[in-house]
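Grab a pencil and work through these exercises on the structure shown below. Try each task yourself before you read its solution.

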Amino acid sequence: MSRVLGRKDLDELKDYIISLYSKFIPVKALPPELGGEGEARRAEILEGELRGLGLEVERVDAPDDRVPDGYRPNIAALLRGKQGNKTLWIVAHMDTVPEGDISLWKYPPYKVTIEGDYIYGRGVEDDGQAIVLALGAAKYLVEKGEKPRINLGIAFVSDEEVGSRYGLLYLLKKDIFTRYSEENYFLVPDAGSPDGSKVIVAEKHILHFKVTVRGKQAHASMPHAGLNAHRLGMIFNLGLDEVIHSTLREHDDLYDPPVSTCEPTRKEENVGNINTIPGTDIVYWDCRILPKRDIKDVVETLKSYAYYFSSRTGAKVEIDILGYDDAGEPTSLDNVFVKNFLASIEETRGVKPKAIGIGGGTVARYLRKQGYPAIVWMTCDETAHQPNEYTRLSYILADIETVLYYLLRKA
Ligand SMILES: [Zn+2]
């Protein structure tokens, strides 16, 4: 396997990673929706690091009255490469979710604890790992005076955990990336696998809807006087389950799982007492649809089945679409960046990269919708949002190696 980093480089980077984590993990960066004051303090530290390395740094803060500073910070930084018209952007989000039940943590979540190869703390993986990966790669290039083949861009963004409106979406609205170069490639290290082989290139459409079945409330001893919305709701939702799965028949091996998924999830309480026949029944569904299907087709199927069921039973079935998010076009495996980055993984790791699509949503979908090639990749055990969140120094060093190999030899 090819190597960029020598033993001494690895030792120096290891110290740098630990010192970085120790600077920013103790500075909480919780979004206001999760009871925090935003990312401003953490951003100051990270901006200082980027400036210290001599990168071109720009702040693109999004106004937000809900936090004490009145804005959500976003930072774009650039290290110029030999071909100034192309940039590999590493996108890292600065916000985290809360620590949750503190009694489940074996170490304090906001103090970075090193145990051999392991690093513990809230946000060390999600998404502090992307932060130290980006800074580690930049530091190596700057200190060695090695010019990458293309620019290295670093985007530290806010507000990923609650929707990206004040983060990546704001940068896209301001058209930040095209200001730096004509061709922009995106690496989003925010999910991955322990051997570094998993590369996410596509996502599914997301559809959330609510089913309300209205019957007629009555005393439970007099069912003929009412129309039991709970029974009809069960029949309707089970019927819908059949109908929707029989129409969403596509199978695509790129995706994990390789089919569209549609699951009834939340159930609202109907009546508070046992001896009443409920007049209303409410169930929520979560669907993840393969992008070759149009969300509109699925919505039409829901509505036509609701009409059919209502007309046959006398119940009134309403479908409310609560939200949908188009997946955008998958990132093409023929894209020159994707090809070369996958080759870099293979040549530095000795594993065959596996390009997949997932049902979960990441910020990469917003990039894809703008037509940018975007891959989600890193080496991790997927401990995000859990108590005892951790990552491993060896994972981060291996990822830095792969990114540098791409920038110096493959781009
Ligand atoms: Zn994340």
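Here are six exercises, each with a solution in steps.

This is a predicted model, in which local features need pLDDT of at least 70 and side-chain atom pairs count only at pLDDT 80 or more, while totals for chains, interfaces and linings use all residues. Residues are numbered from 1 along each chain as its sequence is written, and side-chain values use heavy atoms, with hydrogens and water left out.

**Exercise 1. The overall picture**

Find out how many helices and strands the protein chain has, and what share of its residues is buried.

Step 1: The protein chain has ten helices and 20 strands. Both are DSSP runs numbered from the N terminus: helices are H or I with at least four residues, strands are E with at least two.

Step 2: Of the 411 residues, 55% are buried. Buried means under 20% relative accessible area, exposed means over 50%, and partly exposed is in between (1.4 Å probe, protein chains only).

Step 3: Along the principal axes, the C-alpha atoms fill a box of roughly 85 × 45 × 40 Å.

Step 4: Look at contacts with a separation of 6 or more: 79% of them join residues 24 or more positions apart. Contact means heavy atoms within 4.5 Å.

**Exercise 2. The zinc site**

Work out which protein atoms are donors of the zinc ion and describe the site's geometry.

Step 1: List the donors. They are His-93 (NE2), Asp-126 (OD) and two OD entries for Asp-190, lying 1.8 to 2.7 Å from the zinc ion. Donors are N, O and S atoms within 2.8 Å of the metal (3.2 Å for Na, K and Ca); water is not among the atoms, so sites may look incomplete.

Step 2: Check the angles. Among the four donor atoms they run from 52 to 145°, and the site is irregular. Four donors count as tetrahedral if all angles lie between 85 and 135 degrees; four count as square planar and six as octahedral if opposite donors are over 155 degrees apart and all others between 65 and 115; anything else is irregular.

Step 3: Read the spacing along the chain, which is H-x32-D-x63-D. His-93 sits in strand β5 (residues 83-93) and Asp-190 in the loop between β9 (183-188) and β10 (198-203), so this pair ties together parts that are 97 residues apart in sequence.

Step 4: Are these two buried or exposed? Both His-93 and Asp-190 are buried.

**Exercise 3. The two sides of α1**

Describe the length of helix α1 and find where its buried residues lie.

Step 1: α1 (residues 7-24) has 18 residues and reaches 26 Å from its first C-alpha to its last, close to the 26 Å expected at 1.5 Å a residue. That expected span is 1.5 Å times one less than the number of residues.

Step 2: The buried residues in α1 are Asp-9, Leu-13, Tyr-16, Ile-17, Leu-20, Tyr-21 and Phe-24. They cover an arc of only 130° around the axis, so they are on the same side of α1. The arc is that of the directions from the helix axis to the C-beta atoms.

Step 3: Recall the general rule: an α-helix has 3.6 residues a turn, so residues three or four places apart point the same way.

Step 4: Arg-7, Lys-8 and Asp-15 are exposed on the other side of α1. The cover over its buried residues includes α2 (40-52), α3 (128-144) and α10 (393-410).

**Exercise 4. Enclosed α10**

Explain why α10 counts as largely enclosed.

Step 1: α10 has 18 residues and reaches 24 Å, close to the expected 26 Å.

Step 2: 14 of those 18 residues are buried, so α10 is largely enclosed by the rest of the structure.

**Exercise 5. Cysteines**

Find how many disulfides there are and look around Cys-287.

Step 1: The whole structure has zero disulfides; a disulfide is a pair of cysteine sulfur atoms within 2.5 Å.

Step 2: Cys-287 is in strand β16 (residues 280-289) and is buried at 0% relative accessibility.

Step 3: Leaving aside neighbours within four places in sequence, its contacts include Thr-261 and Cys-262. Cys-262 is buried too, with a relative accessible area of 1%.

**Exercise 6. Unusual backbone**

Locate the cis peptide bond that leads to Pro-257 and the positive phi of His-385.

Step 1: Most residues other than glycine have a negative phi, and most peptide bonds are trans.

Step 2: The bond from Asp-256 to Pro-257 is cis, with omega near -5°.

Step 3: His-385 has a positive phi of about 70° and is partly exposed at 42% relative accessibility.
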